[in-house]
Amino acid sequence: MAKSNRHVSRGGHFQAKGDQRSILIMRVGSFVCGSALLIVVRQVDGIDSIANAHWTIDFCYSIFAHLHRNFKDGEIPHIESWTMKAIVVTEQAAGKAGMKLAARPEPHAAINDVVVQVHASGFTWDELTWPPTWTDRLNRDRTPSTPGHELAGVVTALGYGTTGLSVGQRVFGLTDWTRDGTLAEYVAVEARNLAPLPGDVDFTVGASLPMPGLTAWQGLFEHGRLRAGQSVLALGAAGVVGSMVTQLARAAGAYVIGTGRTSDRQAVLDFGAQEFIDLENDALKDVGTVDLVFDVFGGDIGKRSAALIRAGGILVTIAGPPEARPANGLAVDFVVESDRAQLTEIVQRVRDGRLRTNIGAVLTLDDAVADLNRTERRIGKTIIRVRP
Ligand SMILES: NC(=O)c1ccc[n+]([C@@H]2O[C@H](COP(=O)([O-])OP(=O)(O)OC[C@H]3O[C@@H](n4cnc5c(N)ncnc54)[C@H](OP(=O)(O)O)[C@@H]3O)[C@@H](O)[C@H]2O)c1
């Protein structure tokens with residue numbers, strides 16, 4: 001086990017509530033031992049710096065935490081205890097069939113990170129086709145990688161310099177595309193990508209909100225500049241993102257035309273669309289013109305939708321660079337980013353009943369690989385409940 005992994009485990013082994021006392025003992029003990037070690041380091045090295053103080057306290061905390069966990073269970077300390085369960089992928093060509101449940105090193109909290117004990121994780125059905133699942137920011141192979149980018153859980157460790165969140169806090173949010181994700185017992189994530197999860201919101205609900213909620217919010221209000229009274233064509237309106245688009249646009253005072261498969265009609269109307277276009281039977285051109293198209297498909301439907309945008313209107317797409325642009329309007333394709341203020345607004349709307357999440361299957365981490373490989377149609381967000 002690499003030395004760097006030891007830092008991560010600070011507090012990471014404890015239940016958030018039941019073991020608060022243990023965390024306190026760890027902290028006090030590691031502070032006392034760390035201070036003693038620092039004095040020794042100063043004697044030997046003559047170095048006196050904050051970085052040394054941080055390192056020595058951190059080091060002692062790791063040892064305390066390690067001993068506590070193992071001796072508590074009456075076990076002899078062993079190196080495997082620094083590992084966690086995570087789903088990994090190594091071969092892009094294998095798709096979901098290449099997913100495996102494996103033992104992986106617990107993550108390390110880098111500067112401004114937190115480590116979160118994941119309670120629930122969100123998986124997007126086609127994320128194994130996304131390039132950053134496989135490569136890092138320098139386009140280097142980063143396999144084995146752990147998929148999943150949405151999470152709800154409890155903070156167990158803070159990186160150097162991290163502010164704004166604390167150990168034991170419930171959080172939810174969206175993780176970086178090019179780092180190991182949330183289909184794991186622990187994940188390291190930049191604190192700014194998370195927001196507090198209110199105590200009355202279940203972890204499963206929390207994990208289902210970040211991707212669709214933020215994508216719909218940013219597409220409609222930041223990139224689409226939606227105003228009350230405008231018309232919106234929401235493609236795939238019964239889907240995970242589309243159902244959020246439909247609800248948020250309607251709540252903002254827009255006239256919403258939702259599209260989907262024949263069987264999606266009632267679901268789309270229930271999410272608040274004033275009209276439904278059955279893409280399997282109706283003609284898209286019968287919609288007339290609209291101010292904003294929210295495209296989740298691209299391809300032929302995306303192209304035909306772009307033609308419906310009236311002068312000054314906007315095509316917002318999350319399906320990659322658009323193949324067609326509105327004749328007299330704007331086209332914006334974007335990738336969602338995490339945003340604490342928006343997450344807070346989205347979860348507040350869920351709490352007071354103004355917004356409904358669209359959860360499909362809820363799986364366990366142990367069963368997820370087999371379940372995700374089933375071929376039948378999945379409706380709604382897939383959530384992996386990592387801790388029961
Ligand atoms: N750029 C970004 O930031 C960003 C963010 C989030 C998501 N995305 C991407 O957006 C896409 C949508 O994600 P999602 O989670 O919302 O997926 P989803 O839940 O499957 O939503 C798509 C919806 O459209 C329906 N649909 C698909 N093809 C159709 C067709 N030909 N005619 C009528 N209805 C059709 C689907 O029905 P069926 O289930 O029957 O196919 C589903 O109801 C994914 O590719 C995802 O990777 C991008």
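Here are two short exercises on the ligand shell and a sheet, each with a worked solution.

The model is predicted, so local features need pLDDT of at least 70, side-chain atom pairs count only at pLDDT 80 or more, and totals for chains, interfaces and linings use all residues. Numbering starts from 1 along each chain as its sequence is written.

**Exercise 1.** Work out where the shell around the ligand lies relative to domains 2 and 3.

*Solution.*
- Start with the closest residues: of the 21 around the ligand (C-beta atom, placed from the backbone, within 6 Å of it), Gly236, Gly239, Val240, Val241 and Ile318 come nearest.
- Next, the helices (DSSP runs of H or I, at least four residues; strands are E, at least two; both numbered from the N terminus): α5 (210-223) and α6 (240-251) each give at least two shell residues, and α6 has the largest share with 3 residues.
- Finally, the domains (bounds from an automatic or database domain assignment): domain 2 (85-209 + 357-385) and domain 3 (212-333) both contribute, so the shell lies between them.

**Exercise 2.** Trace the open sheet of 6 strands and find its edges.

*Solution.*
- Pairing strands (at least two DSSP bridges between them) gives the order β10-β9-β8-β11-β12-β13, with parallel pairing.
- β10 (275-278) and β13 (330-333) are the edges: each has a single partner strand, so one side of each lacks a neighbour in the sheet.
- Zoom in on β13: 4 bridges tie it to β12 (residues 309-317), running parallel, and one pairs Ile314 with Leu330.
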